[in-house]
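Hi,

Here is the structure I said I'd pass on to you. Have a look at it first, and then read on for my notes.

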Amino acid sequence: MNKTVFERGSAGHIRIHVLPTTRFKTFAVSLYAGIPLNEQTVTTTALTPFVLRRGTVSYPETIQFREQLEHLYGAGFGFDVYKRGNYQIVQFRMDTINDDFVSSDDSLLRKTFSFLGEVVTKPVMENGVFRNAYVSSERETVRKKLEAIINDKIRYAAERCMEEMFRNDPYRLHPLGQRKDLEGITSQSLYKAFQQWLQQANLDLYVVGDTTLAEVQKLVEQHFNIGRSASPQYVPAQSHLSGDDVRTVEEVLDVKQGKLNMGLRIPVTYGDERYAAALLYNGILGSYPHSKLFINVREKESLAYYAASRFDGHKGIISIQSGIEIANYQKALEIIKAQLGSLREGQISELEMSQTKAMIRNSLLEMQDSAFDMVAYDFNRVLSDRERPAEELLRQVEAITTEDVVEVANTVELDTIYFLTGKKEV
């Protein structure tokens, strides 16, 4: 595996991370803006990038905005809104071809920074605030996205399980906000929230491509004139075992297939020395086709249409998702619990260990082929304050023993069982 070394600096209270490389024909630029999940700000923060993508001072109409991307030789622009640990993250991305492969009079990297800087700092305005038509239109966009969750029952059940598990924690909030707050957001209130967000957010800007830290710092100074007075720092989430009895929640909707989801707490996060062992634990439990949930719940017992697990290393939780026949609820629950018990008791084969290590190794190696995947991996370091290069994690994974996995397995605590079931026939 090639060693990946980001050069780091700052400009204008924005942290800068640059990976100088000639491996790619493009520049990958990514800006992360993160603030703590909070009921008062979650919806305005989610709505903000949708409005920012509509127009800037130089390109006030959406069609002009898109035409400028075409002028940048078809540059890619996009954004995501999600949560990591206790933070709501807005990530902007741009993908621009390297100047060496086109005939351009001006640096395409400079033009990329000019465009992205204007998107973030110079939105089109009307009477000193956001353009009202854009705010109204994008409010509707976000509302439809939130309403669409109910139609995707797999996603809905996963969200509801986390809402119940973290009912007294901001982590219950959806990264796209709350529908009930959307109607009350005006052009004035959103612009005020946007200004506060720019000042208070953790800002991390990544560039992968044929450039230098010094060049990127200069471009940030020129095009990201935000006037910030401080550089906030992420505070990694501390995973806490509740010690409470397992809570069971049943919800009835008009569904034919039941969704059995489970939320588990694990006192291991990305910065923990046991992180590699937790990755192995989750992989053996339910991340891959050879995992216990897939083999025993889906294949052997034919109890589930799907059965898988996911480990959130920034919050210290493992979630289990399965789709089952409603009548098989009790049996499926018992067999899933049995898989958790088998891991605690060390019923792990050498094949399960070797296959899981191979899957994690392949994932880390494939990451080297994508600039944005390498950026996303490095951003874990920023969130957790733990330096863990991919090659180091690979060594740690290879060194994990069955005993290490069992040790982690015995720290996992079942917290919440959520069952989405259908209406009983009268």
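Below is what turned up, starting with the pockets and moving on to a sheet and its helices.

One thing to keep in mind: this is a predicted model.

**The largest pocket**

Where does the largest pocket lie? Domain 1 (7-224) and domain 2 (247-422) both contribute residues to its lining, so the pocket sits between them. Its volume comes out at about 1,400 Å³. The lining is made of 44 residues, and if you want to find the middle, go to R84, R310, F311, D312 and G313, which lie nearest the centre. Quite a list of elements gives two or more residues to this lining: the strands β4 (76-84), β11 (304-312) and β12 (317-325), plus the helices α5 (153-165), α9 (275-287), α12 (350-367) and α13 (371-384). Sorted by class, the lining has 23 nonpolar, 12 polar and nine charged residues.

**The second largest pocket**

Next in line is a pocket with a volume of about 410 Å³. It is lined by 15 residues, with L146, E163, H174, G177 and R179 closest to its centre. At least two lining residues come from each of α4 (132-148), α5 and α6 (179-182). Of these, α5 gives the largest share, with four residues; α5 is also among the elements that line the largest pocket. The class split here is five nonpolar, three polar and seven charged.

**The sheet and its helices**

β11 and β12, already met at the largest pocket, also belong to an open five-stranded sheet. Its order is β9-β13-β10-β12-β11, and the pairing is mixed. Which strands stand at the edges? They are β9 (247-252) and β11; each has a single partner strand, so one side of each has no neighbour in the sheet. On average, neighbouring strands are turned by 15° against each other, ignoring direction.

β11 pairs with β12 in the antiparallel sense, over eight bridges. Within that pair, F311 stands opposite I318 of β12, and F311 is one of the residues nearest the centre of the largest pocket.

Two helices go with this sheet. α10 (residues 292-300) lies across β11 and β12 and runs at about 160° to β11. α11 (residues 329-344) packs on the sheet as well, touching β9, β10 (257-265), β12 and β13 (413-421), and its direction makes about 30° with that of β10.

Over to you!

Technical notes: Residues are numbered from 1 along each chain as its sequence is written. This is a predicted model: local features need pLDDT of at least 70, side-chain atom pairs count only at pLDDT 80 or more; totals for chains, interfaces and linings use all residues. Side-chain values use heavy atoms; hydrogens and water are left out. On a 1 Å grid over the protein atoms alone, a cavity is a set of points where a 1.4 Å probe fits but cannot get out, and a pocket is an open set with protein on both sides within 12 Å along at least five of seven lines; lining residues have an atom within 4 Å of a point. Grid points are joined across faces, edges and corners, and a volume is the space filled by probe spheres set on the points. Ala, Val, Leu, Ile, Met, Phe, Trp, Tyr, Cys and Pro count as nonpolar, Asp, Glu, Lys and Arg as charged, and the others, Gly among them, as polar. Domain bounds come from an automatic or database domain assignment. Two strands pair if DSSP finds at least two bridges between them. Axes are lines fitted to C-alpha atoms, for helices over the stretch in contact, and angles run from 0 to 180 degrees between N-to-C directions. Contact means heavy atoms within 4.5 Å.
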